[in-house]
Amino acid sequence: MVVSPDGEITQDSVDIVDRFEDGDLAASAYPPGARQRLLAVLLQCYGNQGLLRHAMHFRWAYLEEQRRFLDHAFGAAGGDPRAELVMRRMQAYLPGLRVTDATIPLIEASFDQLLGLLDAHFTVMPYLFGGWPSVGD
């Protein structure tokens, strides 16, 4: 989340990047070449949408293992009575995302495979497209 000096709040990571892109920057998060720009945006979409099931699974399927972090992140540690309701509602999205006992091994295996591919890539390049981060990162 970013709060501007005039109090405007921007909380989605894509919106935050685009907000700063509107300023005077030395380099853009959007690659200059049309093909790289397209690939960066596709990878950004994959990260935001294609990995949603993975993110929700790892965040909410292991609720008790992450209890301390989630209590802090959602305000339960501060005594907010609504925090537990919000966390349970987020956890309730899992069946709709097809996170079930049958799919969990596939979700975790595909994520492990992705991490392996990224690890191999990042041993030779610091970012997805070389020496400068992009929206795909």
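Which side chain meets that of arginine 67 in a salt bridge of 2.9 Å, N to O? In this predicted model, the partner is glutamate 84, whose side chain forms that salt bridge with arginine 67. The two residues belong to distant parts of the chain, arginine 67 lying in helix α4 and glutamate 84 in helix α5 (residues 82-91), with their positions 17 residues apart in the numbering. Glutamate 84 is partly exposed, at a relative accessibility of 29%. Through salt bridges with shared partners, Glu64, Arg67, Asp71, Glu84 and Arg88 are joined into one network.

The setting of this network is a chain with six helices and two strands. Read from the N terminus, the order of the elements is β-β-α-α-α-α-α-α. The chain has a radius of gyration of 18 Å, whereas a compact globule of 137 residues would have a value near 14 Å. The C-alpha trace extends over about 45 × 45 × 25 Å along the principal axes of the chain. Of the contacts with a separation of 6 or more, 50% are between residues 24 or more positions apart.

Of the 137 residues in the chain, 22% are buried. The accessible surface amounts to about 9,600 Å², and carbon and sulfur atoms contribute 60% of that area. Among the side chains, 11 are positive and 18 are negative. The centres of these two sets are 5 Å apart.

Side chains of opposite charge can pair when their charged atoms come close. In the chain, the number of salt bridges is five. Besides the pair with glutamate 84, arginine 67 takes part in a salt bridge with glutamate 64, at 3.0 Å from N to O. The two partners differ in their exposure: arginine 67 is buried, with a relative accessible area of 17%, whereas glutamate 64 is exposed, with a relative accessible area of 52%.

A further salt bridge connects arginine 67 with aspartate 71, and here the closest N and O atoms are 3.3 Å apart. Both residues lie in helix α4 (residues 67-74), and because they are four residues apart in this helix, about one helical turn separates them. Aspartate 71 has a relative accessibility of 18% and therefore counts as buried, the cut-off being under 20%. Arginine 67, at 17%, is likewise buried. Arginine 67 thus has salt bridges to glutamate 64, to aspartate 71 and to glutamate 84, and the shared partners place these residues, together with Arg88, in one network.

A separate local feature concerns the backbone at arginine 98. Although arginine 98 is not a glycine, the phi angle of this residue is positive, at about 65°. Arginine 98 is located in the loop between α5 and α6 (104-122). The relative accessible area of arginine 98 is 54%, so this residue counts as exposed, for which the area must be over 50%.

Definitions and conventions
Residues are numbered from 1 along each chain as its sequence is written. This is a predicted model: local features need pLDDT of at least 70, side-chain atom pairs count only at pLDDT 80 or more; totals for chains, interfaces and linings use all residues. Side-chain values use heavy atoms; hydrogens and water are left out. A salt bridge is a side-chain nitrogen of Lys or Arg within 4 Å of a carboxyl oxygen of Asp or Glu. Buried means under 20% relative accessible area, exposed over 50%, partly exposed in between (1.4 Å probe, protein chains only). The radius of gyration is taken over C-alpha atoms; the globule rule is 2.2 Å times the number of residues to the power 0.38. Contact means heavy atoms within 4.5 Å. Accessible areas come from the Shrake-Rupley method with a 1.4 Å probe; for residues, only the protein chains shown count as cover. Lys and Arg count as positive and Asp and Glu as negative; His and the chain ends are not counted. The place of a charge is taken as NZ of Lys, CZ of Arg, CG of Asp or CD of Glu.
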